Amino acid sequence: MTIAFHTLISKALSIPAGQVERTMTLLQEGATIPFISRYQKEVTGGLDEVQISQIKDLSDKFTELHKRKETILSSIEEQGKLTPELKKRIQESWDTTEIEDLYLPYKPKRVTKAEIARKKGLEPLAKVIMLQQEAHPDLKAEAFLNDEVATTEEALQGARDIIAEWVNENEEARNSVRNSFSHTAVITSKVIKGKEEEGAKYRDYFDFSESLNRCTSHRLLALRRGEAEGILRVSIAPDTENCIERLKRRFIKGRNPSSGQVSIAIEDSFKRLLKPSIETEFANLSKGKADEEAIRVFTENLRQLLLAPPLGQKRILGVDPGYRTGCKLVCLDAQGTLLHNETIYPHPPQNEKSKAAGKVAQLVSTYAIKAIAIGNGTASRETEQFITNIRYDRKVQVFVVSENGASIYSASKIAREEFPEYDVTVRGAISIGRRLAGPLAELVKIDPKSIGVGQYQHDVDQFALKKKPGPDCEKLCEYGRS
């Protein structure tokens, strides 16, 4: 595989083929991206982790495509329809869309309208009509009447079904429609009747329409989430008239009644076969691009969060704010070890502000607290105001920190092993306090998707997301766990 792919990857990435080949060899031997980028520079020619990751991604892609090509060639050969020219085109192509288009006429089909018409013996009639030289196709159709075909109109309909399938399977026709989708496609969403109240958060998309090329990744992901939740009906459509006109220019060769039959078949082919098929392609393609952008945003945000400067070794009071259930307080020493925990109730319904203020001031004094970390969740703003209004016997810095993922951590196995004698509320407050002292060391304990720095990170391709926090973040996480 290395010999077959390294030239393709070299051209795609503009990296010398020798460097690509040596890097692929290391990857195939089981070396990780961080290891190669850090310790194998003399082998790779100094490629960085991003380039190595790109090489791996393309290598995986070409490997899967090679397997798909073998399956396709085997399928066509078993049908006895594999010509030398077709075999050569499939073997030389590395474009997934082109390969699937070449395979489409030979792909095992479900029972289609065209297949039913063939079984009724109507394919010869379809061929005659497609030549567009028959001036009386209705009279010609009479010769194909039998027990299964009762009328000439039924015969002509069957012939049109076969022609519609031919148009759908024509490589040039599909590329023509793709070209129109590329330039004119519009994505539209409508609320499903009766779902208005349930889907109130998608109100902006109840009657939405925008050029697919201009639709941002976050809008596209929101539309797809609304569709998945059964709130929205989403569709992608090109300039229909333009598409059909292009197809007619390609296939119609005259102005006789046979040409009229072909014209009807073309319109049917576009609406029933071509448009749904290409729409699915573009839906997947646009979703892939949106995923890529969302993962890029997530990766960059995660990197910045992991690289946030630590406060350092200071005694910290961690606060997980709340109303009815109170604010959870934990006192941590300079190494993040739990010294004390309790709960105060400064907010409604209890409103024990004086008692709570006294307790906080006492803890700051008793445990020589230097900084206070307040989670940014429910009651965060009120708790920050309450904490900053307290008079302390020393200078105390107050920070609001992200608590995203703290609840996930608090219920995790690693948290239970760390603090088996405490419940989830205490563990969550500890996580908040430790994030201020050293974000990296604390955040690496949490699934990146739960840290809350992404854009619909639960909706994107999870395999791609898992791969992507990438070499830099992988290094950071290794460092943070050590």
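The exercises below, each with a worked solution, concern local features of a predicted model.

**Exercise 1. The packing of helix 9 and helix 11**

Task: Determine at what angle helix 9 and helix 11 pack and how far apart their axes lie, and state which residues of the two helices meet.

Solution: Two packed helices are described by the angle between their axes and by the distance between those axes. For helix 9, which covers residues 123–131, and helix 11, which covers residues 152–169, the angle is about 70 degrees and the axes are 8 Å apart. Angles of 65 to 115 degrees count as roughly perpendicular, and helix 9 and helix 11 are therefore roughly perpendicular to each other. The next step is to list the residues in contact: helix 9 contributes E123, L125, A126, K127, I129 and M130, and these meet A155, L156, A159, I162, I163 and W166 of helix 11. Sorted by class, the contact of helix 9 with helix 11 comprises 10 nonpolar residues, 2 charged residues and no polar ones.

**Exercise 2. The length, start and surroundings of helix 12**

Task: Compare the expected span of helix 12 with the distance between its end C-alpha atoms, then identify which of its residues are buried and what covers them.

Solution: Helix 12 runs over residues 171–184 and has 14 residues, which at 1.5 Å a residue should span 20 Å. The expected span is taken as 1.5 Å times one less than the number of residues. The end C-alpha atoms of helix 12 are 20 Å apart, which agrees with the expected span. At the start of helix 12, a side-chain oxygen of N170 comes to within 3.0 Å of the backbone nitrogen of E172. The buried residues in helix 12 are A173, R174, S176, V177, R178, S180 and F181. An α-helix has 3.6 residues a turn, so residues three or four places apart point the same way. The cover over the buried residues of helix 12 includes helix 7 (96–103), helix 11, strand 3 (232–237), helix 14 (240–251) and helix 15 (257–306).

**Exercise 3. Two side chains that reach backbone oxygens**

Task: For Q19 and then for R435, decide whether the residue is buried or exposed, and find which backbone oxygen its side chain reaches.

Solution: Q19 is found in helix 2, residues 17–28, and a relative accessibility of 15% means that Q19 counts as buried, since the cut-off for a buried residue is under 20%. The side chain of Q19 reaches the backbone oxygen of T44 at 2.9 Å. With neighbours within four places in sequence left aside, Q19 is in contact with T44, G45 and L47.

R435 has its place in helix 20, residues 424–437, and is buried, with a relative accessible area of 7%. Its side chain reaches the backbone oxygen of S402 at 2.7 Å. Beyond neighbours within four places in sequence, the contacts of R435 are with S402, E403, N404, G405, A406, E442, L443 and I446. As for distance along the chain, R435 and L306 are 129 residues apart in sequence, while their C-alpha atoms are 10.0 Å apart in space.

**Exercise 4. Backbone geometry in two loops**

Task: State which residues a cis peptide bond joins, and locate S14 and N351, each of which has a positive phi.

Solution: Most residues other than glycine have a negative phi, and most peptide bonds are trans. Here a cis peptide bond, with omega of about 5 degrees, joins P348 and P349, and P349 is found in the loop between strand 6 (338–344) and helix 16 (353–366). N351 lies in the loop between strand 6 and helix 16, and although N351 is not a glycine, its phi is positive, at about 55 degrees. With a relative accessible area of 45%, N351 is partly exposed. S14, which is not a glycine either, has a positive phi of about 55 degrees and lies in the loop between helix 1 (2–13) and helix 2. S14 is exposed, its relative accessible area being 66%.

**Exercise 5. The setting of A356**

Task: Find where A356 lies and which residues it touches.

Solution: A356 lies in helix 16 and is buried, with a relative accessible area of 3%. Not counting residues up to four places away in sequence, A356 touches I344, Y345, P346 and F386. The C-alpha atoms of A356 and Y345, which are 11 residues apart along the chain, are separated by 6.3 Å.

Conventions: Residues are numbered from 1 along each chain as its sequence is written. This is a predicted model: local features need pLDDT of at least 70, side-chain atom pairs count only at pLDDT 80 or more; totals for chains, interfaces and linings use all residues. Side-chain values use heavy atoms; hydrogens and water are left out. Axes are lines fitted to C-alpha atoms, for helices over the stretch in contact, and angles run from 0 to 180 degrees between N-to-C directions. Helices (H or I, at least four residues) and strands (E, at least two) are DSSP runs, numbered from the N terminus. Angles under 35 degrees count as roughly parallel, over 145 as roughly antiparallel, 65 to 115 as roughly perpendicular and the rest as oblique. Contact means heavy atoms within 4.5 Å. Ala, Val, Leu, Ile, Met, Phe, Trp, Tyr, Cys and Pro count as nonpolar, Asp, Glu, Lys and Arg as charged, and the others, Gly among them, as polar. Buried means under 20% relative accessible area, exposed over 50%, partly exposed in between (1.4 Å probe, protein chains only). A polar contact is a pair of N or O atoms within 3.5 Å; within protein, one must be able to donate a hydrogen and the other to accept it, and residues adjacent in sequence count only if both atoms are side-chain atoms.
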